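Here are some short exercises to work through with the model open beside you. Try each task before reading its solution.

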Amino acid sequence: MFTHTHALQFEAKPDGPDADFARKMQEVLGGQWGEMTVATQYLLQGWNCRLPGKYKDMLLAIGTEELAHVEMIVTMIDRLLDHMPLKPDASDRSKEAAAAYGQHNPQHPIANGGGASYMDSMGNPWTGAYVTASGNLFADFSYNATAEMQGRLQVARLWNMTDDPGVKDLLRFLLTRDHMHQQQWLAAMEELKADGLDGIPVPEAFPLSEELPEFAYTFIDASDGPDAANGRWANGPAMDGTDNVFRAAPIAATADAPILPPGDPRLYGTPPAPMTGLLQKAKDALK
């Protein structure tokens, strides 16, 4: 069950309108790493979670908070679109006004009546395909940390694209919460390991005895760059808690070159395959 409070979690009020920046803000609303993605992703992970208790409750709490962020960004975009000129010379006849008008998103006035929409900064519609909910909490929390890193990266870039103090206040809040949420997901991953629920490799429950030991801890160097193997990923103890050690080896072919048989003649591939068996008999019967 959801309820809504009209008061915002944090203020979302620019010092002045800016249709160009409203378009830029669409990226952190409806882009791949925007608030629509993380809000629906965390909620879906929570609703699907089959483990009652702290992890499910945490997912639903943060997903609901992210819905509040969606509302704040929509509100900011709406206010940035106030008094948006509908023609290049509507506010003044300067070249600067015409240039700024040319950077706005025409869908804001045409399709949305001067409001935000669930699209990115280029007008591509937000899609549920951005959302990941695998059912494996360790994998999902790792992806969630990535989403918060990508989201904070984009907000940090937006920070350098505006001088509006009111806009920067909201961006400062979003940067701060993304910082916290990155730590939250990393901490949750550590807690999953401490609770014995999952870890590296994902899924941890799959038996390591089914893996190929000669490949399990080998960094395969498939580059002619001299430094590919000069890192922690190719040297030192493995990351999965076993006693194994990473090593490096050049890429090598371990199987014969594939030779495929002729394809189904009904698909008319090249080279043509001869008709055989029942298919040939059926063809002959039609002559």
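Helices (H or I, at least four residues) and strands (E, at least two) are DSSP runs, numbered from the N terminus. This is a predicted model, in which local features need pLDDT of at least 70 and side-chain atom pairs count only at pLDDT 80 or more, while totals for chains, interfaces and linings use all residues. Residues are numbered from 1 along each chain as its sequence is written, and side-chain values use heavy atoms, with hydrogens and water left out.

**Exercise 1. Find where Y268 and H83 sit, and describe their backbone and exposure**.

Step 1: Y268 belongs to the loop between β3 and α10. H83 is in the loop between α4 and α5 (95-101).

Step 2: Check phi. For Y268 the angle is near 55°, positive in a residue other than glycine; H83, also not a glycine, has a positive phi of about 60°. As background, most residues other than glycine have a negative phi, and most peptide bonds are trans.

Step 3: Turn to accessibility, where buried means under 20% relative accessible area, exposed over 50%, and partly exposed in between (1.4 Å probe, protein chains only). Y268 is exposed because its relative accessibility is 72%. H83, at 76%, is exposed as well.

**Exercise 2. Locate the cis peptide bonds at P203 and P271**.

Step 1: V202 and P203 are joined by a cis bond with omega of about -10°. P203 lies in the loop between α8 (165-194) and α9 (213-216).

Step 2: From T270 to P271 the bond is cis, with omega near 0°. P271 falls in the loop between β3 (245-250) and α10 (277-285).

**Exercise 3. Which residues does UniProt list for "binding site", and why do they not all gather at one spot?**

Step 1: The unreviewed entry lists D57, S223 and G225. UniProt positions are in the numbering used here, feature names are shortened, and annotations may be inferred rather than shown by experiment.

Step 2: These positions span 169 residues in sequence and their farthest two C-alpha atoms are 46.8 Å apart, so they do not all gather at one spot.

Step 3: D57 is in helix α4 (residues 54-80), whereas S223 is in the loop between β1 (218-221) and β2 (236-237). With 44% relative accessibility, S223 is partly exposed.

**Exercise 4. List the contacts of M25**.

Step 1: Take contact as heavy atoms within 4.5 Å.

Step 2: Leaving out residues up to four places away in sequence, M25 touches I73, M76, I77, L80, L158, L170 and L171.
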